[in-house]
Amino acid sequence: MDEFWQKQKLKLFYKSDKSHNEKGCIVWTGATYASGYGYTNVKWPSGEESRERIHRFAYMVEFQKTRDEIPKFKGPEELECSHLCGNKCCINVHHLVFEKNMTLIKSAYTVRIKEFVVNHINPFA
């Protein structure tokens, strides 16, 4: 299994921009969905193939965990892997956190409101 994880680390290394932006992001330069999230196709040692969101996969590679071993609980307590930096293609594992889906939705909404307020002129001021 160690050889598998080494190959995956190399894949992440060669398909990312390590120049670190002002937030310290390591940006995936490989394939992306229309939503802006990066992804990669993985052939697991078991022979199973899957398409993984790249930030979750970066976490798996860093901690050598398969997708069955990483935090992911269903139901009202469902956990999602989210970016503290807000960069959908960031694969810096220090920017990733597992949080409840509702927390993620609320934090994304708060960020959008703040961006709107900062980037728009208040006509009533």
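Here a trainee and a mentor talk through a predicted model, one question at a time.

Trainee: Let's start with helix H2, residues 54–63. How many of its ten residues are buried?

Mentor: A residue counts as buried when its relative accessible area is under 20%. In H2 the buried residues are Ile54, His55, Arg56, Phe57, Ala58, Tyr59, Met60 and Val61. The helix is therefore largely enclosed by the rest of the structure, and the number buried is eight of the ten.

Trainee: What covers those buried residues of H2?

Mentor: The cover includes both a helix and strands. Among the strands are E2 (27–28), E3 (39–43), E4 (49–53), E5 (79–83) and E6 (96–100). The helix included in the cover is H1 (2–14).

Trainee: Which residue follows H2, and what is its phi?

Mentor: Look just past the end of the helix and you will find Gln64. The phi of Gln64 is positive, near 50°.

Trainee: Back to helix H1, where Phe13 lies. Is Phe13 buried, partly exposed or exposed?

Mentor: Partly exposed covers the range between under 20% and over 50% relative accessible area. Phe13 has 44% relative accessibility, so the class for Phe13 is partly exposed.

Trainee: Which residues make the nonpolar surface patch, and what is its area?

Mentor: Phe13, the helix H1 residue we just met, is one of the members. Leu10 and Tyr14 make the patch along with Phe13, and its area is about 360 Å².

Trainee: Now for Lys43 in strand E3. Is Lys43 buried or exposed?

Mentor: The cut-off for exposed is over 50% relative accessible area. Lys43 has 54%, so Lys43 is exposed.

Trainee: Which residues is Lys43 in contact with, leaving aside its neighbours within four places in sequence?

Mentor: One of them is Phe4, which is 39 residues from Lys43 along the chain. The C-alpha atoms of Phe4 and Lys43 are separated by 9.5 Å. With those sequence neighbours set aside, the contacts of Lys43 are Phe4, Glu48 and Glu49.

Trainee: How many disulfides does the structure hold?

Mentor: A disulfide needs two cysteine sulfur atoms within 2.5 Å. For Cys85, the nearest cysteine sulfur is that of Cys25, 3.7 Å away. For Cys89, the nearest is that of Cys90, 9.2 Å away. Across the structure, the number of disulfides is zero.

Trainee: Are Cys85 and Cys89 buried or exposed?

Mentor: The relative accessible area of Cys85 is 11%, so Cys85 is buried. Cys89 has 12% relative accessibility, so Cys89 also counts as buried.

Note on methods
Residues numbered from 1 in each chain as written. Predicted model: local features only at pLDDT ≥ 70, side-chain atom pairs only at ≥ 80, totals over all residues. Heavy atoms only, no water. Buried < 20%, exposed > 50% of the residue type's maximum accessible area, 1.4 Å probe, protein only. Helix = DSSP H or I, 4+ residues; strand = E, 2+ residues; numbered from the N terminus. Contact = heavy atoms within 4.5 Å. Patch = residues over 30% accessible without salt bridge, like charges linked within 9 Å, V, L, I, M, F, W, Y side chains within 5 Å. Areas by Shrake-Rupley, 256 points an atom, 1.4 Å probe, with all protein chains shown as cover. Salt bridge = Lys/Arg side-chain N within 4 Å of Asp/Glu carboxyl O.
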